[in-house]
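Welcome, and thanks for taking a look at this chain with us. Please open the model and keep it in view as you read.

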Amino acid sequence: MIHFQRPVFFLLLLLVPAFVLLRRAGVLRAVSLPLPLGNWNGFIPKKYPRVYILHRLSQYMLAAAFILTVTALAEPVRQTAEALYATPGQALMFVIDSSPSMAAQDMGMQTRLDAAKQMIHAFTEQYAGDSFGLTALGSSAAVLIPPTIDRQTFLTRLDQLHAGEFGDGTAIGMGLASAVLHLTQYSAIPSSIILFTDGDNNTGEIHPRAAAEIIKHKKIGFYIIGLGKSGYAPIKYFDPIQQKEISGTLHTVFNEAELQKTARYGNGRYFSAKSPEVLAEIFQHLSQKIPATQPARTVNKLHYLDRTLLLIVLGLGAAAWLIRRIGMQAVS
């Protein structure tokens with residue numbers, strides 16, 4: 001919403017019709033100064049159409065510059081309402097399986113990895129007062145983004161994550177352990193780990209159940225979302241090791257029983273997402289289990305627009321000068 005702090009300055013716009021009337025009545029005459037910059041108000045014969053058009057265009061630019069100058073003097077202000085959070089919120093650590101099988105396209109028109117990213121994007125929109133962290137796992141695991149309130153940085157790294165980035169494997173235990181390690185410094189605030197995966201733990205020095213026990217001991221919320229389903233699915237991804245694109249058909253077998261056990265060991269819960277519709281329902285359920293931090297109040301923030309308008313005025317004035325000084329001479 002835009003309002004003006006000094007609307008009385010809009011009375012200056014009355015000078016425009018007054019100027020036009022006085023010119024037509026002959027009271028005011030065009031001023032011609034013998035400057036090398038050209039005659040800004042000289043008569044332009046209409047027999048030179050291109051010159052006449054440029055002349056009129058420069059006049060309109062100057063008129064627009066005058067109107068914007070008056071608008072800037074009226075001090076336009078745009079008011080926005082921003083949420084003010086009284087508490088630091090909670091820390092949400094997303095652990096994403098980036099093994100090549102996550103490139104399988106069996107989540108509607110999306111791959112499993114893209115479906116996970118879309119759900120995480122939805123989280124960031126509804127959890128503005130909370131911190132987000134990102135851990136990725138493959139044959140190894142790493143914390144890519146520690147919990148941060150910098151949502152743009154978090155989403156940028158999330159979108160850059162691709163299947164096969166951390167090798168051909170699924171080190172679920174390593175991924176969970178890395179996430180817990182970075183959440184220990186947030187023990188003063190509620191925290192949760194949300195794991196997206198489509199397979200069994202088949203590599204890594206830490207067993208998923210051992211990592212789940214630590215999650216339970218630290219009293220961290222724990223949720224596992226199994227993406228996709230058993231069977232054949234088209235797959236296409238770029239292998240960073242072989243430096244080539246891999247495509248074909250993948251046959252996957254989903255061991256949901258082991259994922260359910262891991263969730264129980266961590267006092268958490270397992271969800272099976274075999275379609276985008278089910279994944280959307282899971283998001284709604286998690287939104288209830290993990291309520292977003294509510295702002296204490298909203299504050300009105302003012303954004304002054306006068307400087308922006310004055311920059312436009314300078315641009316219009318310079319453009320009008322160039323048209324009369326260079327453009328009209330070039331076409332005459």
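## A residue to start with

Is Leu113 buried or exposed? This model is predicted, and in it Leu113 has a relative accessible area of 4%. Buried means under 20% relative accessible area, so Leu113 counts as buried.

To find Leu113, go to helix α3. Setting aside neighbours within four places in sequence, Leu113 is in contact with Ile96, Asp97, Met102, Leu161, His162 and Ala163. You may also like to look at Thr197: its C-alpha atom is separated from that of Leu113 by 8.8 Å, although the two residues are 84 residues apart along the chain.

## The chain as a whole

Now step back for a wider view. The chain has nine helices and 11 strands. Its length is 332 residues, of which 40% count as buried. Among contacts with a separation of 6 or more, 79% come from residues 24 or more positions apart.

## Nonpolar cores

In soluble globular proteins, nonpolar side chains tend to be buried together. Here, the largest nonpolar core has 39 residues, and Phe94, Phe123, Phe196 and Ile225 are those with the most contacts inside it. Helix α3, spanning residues 112-126, gives the most to this core, contributing six residues. A second core, separate from the largest one, has 23 residues, including Met93, Leu176, Ala212 and Phe254.

Phe94 deserves a click of its own. Not counting residues up to four places away in sequence, Phe94 touches Ile120, Phe123, Phe132, Gly133, Leu134, Thr135, Phe154, Ile194 and Phe196.

## Aromatic residues

How many aromatic pairs does the structure hold? There are eight. One aromatic cluster is formed by Phe94, Phe123, Tyr127, Phe132, Phe154, Phe196 and Phe283. Phe94, Phe123 and Phe196 will be familiar from the list of residues with the most contacts inside the largest nonpolar core.

## Two packed helices

Finally, turn to helix α6 (residues 208-217) and helix α7 (residues 256-265), which pack at an angle of about 30° with their axes 7 Å apart. Angles under 35 degrees count as roughly parallel, and α6 and α7 are therefore roughly parallel to each other. On the α6 side, the contact is made by Pro208, Arg209, Ala212, Glu213 and Lys216, and on the α7 side by Glu258, Lys261, Thr262 and Tyr265.

Which classes of residue make up this contact of α6 with α7? Five are charged, three are nonpolar and one is polar. Ala212 of α6, one of the residues in this contact, is also included in the second nonpolar core.

Notes: Residues are numbered from 1 along each chain as its sequence is written. This is a predicted model: local features need pLDDT of at least 70, side-chain atom pairs count only at pLDDT 80 or more; totals for chains, interfaces and linings use all residues. Side-chain values use heavy atoms; hydrogens and water are left out. Axes are lines fitted to C-alpha atoms, for helices over the stretch in contact, and angles run from 0 to 180 degrees between N-to-C directions. Helices (H or I, at least four residues) and strands (E, at least two) are DSSP runs, numbered from the N terminus. Angles under 35 degrees count as roughly parallel, over 145 as roughly antiparallel, 65 to 115 as roughly perpendicular and the rest as oblique. Contact means heavy atoms within 4.5 Å. Ala, Val, Leu, Ile, Met, Phe, Trp, Tyr, Cys and Pro count as nonpolar, Asp, Glu, Lys and Arg as charged, and the others, Gly among them, as polar. Rings of Phe, Tyr and Trp (its six-membered ring) pair if their centres lie within 6.5 Å; planes under 30 degrees apart count as stacked, over 60 as edge-to-face and the rest as tilted. A nonpolar core is a set of buried Ala, Val, Leu, Ile, Met, Phe, Trp, Tyr and Cys residues joined through side-chain atoms within 4.5 Å. Buried means under 20% relative accessible area, exposed over 50%, partly exposed in between (1.4 Å probe, protein chains only).
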